[in-house]
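Please look through the model below with two places in mind, a small sheet and the surroundings of the ligand.

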Amino acid sequence: MHILNNISLKPYNTFGIDAVAKHFTSVSTIQDLQKVLKLETYPNKLILGGGSNMLLTKDFNGLALHINLKGIKIISEDKNHAIVKAQAGENWHEFVQWCLKHDFGGLENLSLIPGNVGTTPIQNIGAYGVEIKDTFESCEAINLKTLQFENFSKEDCHFGYRNSTFKQENKGKYIITSVCFKLTKKNHNLHINYGTIATQLEENGIKTPTIQDISKAVITIRKSKLPNPKNIGNSGSFFKNPVISKSEFETLTKNFPDIPNYPVSEQEIKIPAGWLIEKSGFKGKQFGNYGVHKKQALVLVNYGGAQGLDILKLSQLIQKTVKRLFNISIEAEVNII
Ligand code: EPU
């Protein structure tokens, strides 16, 4: 384990922001992780997973700690299910593909989401009608105060829409080191009714889809809408979809009868932030080397060399405009550092 100085974090965040960490280290064993956490020289730490849910707005004046723990293991299995444990530093999409190769179902709709396994429970990642909480069994995490390992069950995690205990009462208190998923070995529970999955399957000529077919369809849809961070820096959805009350929704429909909406409960309705941003005129807008993606207004992009602060200011301008036009507050989904 080496502690390096003045390292660019550009390769460690999918937005591709060139912020510098005063100190940096990457750990690939639990022992090294524990050693680093014991060092009193670096009280200020930035934990780096896949870097797919953060916007770096300044240089980091502490120790950036890259979690590079690797390994995938079947912990137990019976006729119907397998419990699979993946270390935090495994790339998410590669892990999903590993599961599909073993014919383990449950994660196929979450194909191609950028980031690493260890950060998926933090914001309960989700796409196409499936969230991590649907297959999550448990995770292990180091308590940053006691340096002891703790196990979190699904109930302990308090999962919500893009939310968990690790974003609320336990924010910044733990490093997740591994996650266990309970996956199906047969009678897979297929989710094909969300968005354009069914249409895509039809286009692919598939009548009775397998989990692998669903993954392929999701990959095609995502590739057609979302920019690949390897080519254009981005952090996926920059904002969460706001949830408003039924009465606020009814007021809105008077002026905007075509507003797309998804009921969340009897009293609450989710509105796609992408629609609000598009109607506010930002979709595809480019401001020099950053802007709003052409095909999905929820995604802010770095065309190369953009400053995190510029992207933050753009996000604030979008929030203000949406508030002024629709009286709806949209909240950032990414962590602003
Ligand atoms: N829409 C627009 N303009 C846009 C984008 C969206 O009008 O530019 C409207 C359309 O009416 C569309 C609706 O929004 O029907 C919903 O769009 P979409 O199905 O693409 O989903 P989303 O609400 O924009 C959410 C997740 C995505 C996830 C997709 C698919 C959030 C914040 N985002 O986006 O997650 O891939 O659903 O399930 O919930 C991510 O979190 O990084 C992410 C990409």
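In β16, I269 is the bridge partner of I244. The model is predicted, so to speak, throughout: local features need pLDDT of at least 70 and side-chain atom pairs pLDDT 80 or more, while totals for chains, interfaces and linings use all residues. Residues are numbered from 1 along each chain as its sequence is written, and side-chain values use heavy atoms, with hydrogens and water left out.Strand β16 (residues 268-270) runs antiparallel to β14, to which three bridges join it; strands here are DSSP E runs of at least two residues, numbered from the N terminus, and two of them pair if DSSP finds at least two bridges between them. The open sheet holds three strands in the order β14-β16-β15, with antiparallel pairing. Because β14 (243-245) and β15 (262-263) stand at the edges with a single partner strand each, one side of each has no neighbour in the sheet.

Turning to the ligand, 24 residues surround it, each with a heavy atom within 4 Å, and Y128, Y161, R162, S237 and E278 are the closest. By class, this shell has eleven nonpolar, six polar and seven charged residues, where Asp, Glu, Lys and Arg count as charged, Ala, Val, Leu, Ile, Met, Phe, Trp, Tyr, Cys and Pro as nonpolar, and the others, Gly among them, as polar. Of the elements that supply residues to the shell, α7 gives the most, with three.

Polar contacts, pairs of N or O atoms within 3.5 Å, link ligand oxygen atoms to several residues: a backbone N or O atom of S237 lies 2.8 Å from one, a side-chain N or O atom of N241 is also 2.8 Å from a ligand oxygen, and for the side chain of K283 the distance is 3.1 Å. The protein covers 82% of the 810 Å² of accessible area that the ligand has on its own, as given by the Shrake-Rupley method with a 1.4 Å probe.

How values were computed: Polar contact = N/O pair within 3.5 Å; in protein donor to acceptor, adjacent residues only side chain to side chain. Helix = DSSP H or I, 4+ residues; strand = E, 2+ residues; numbered from the N terminus.
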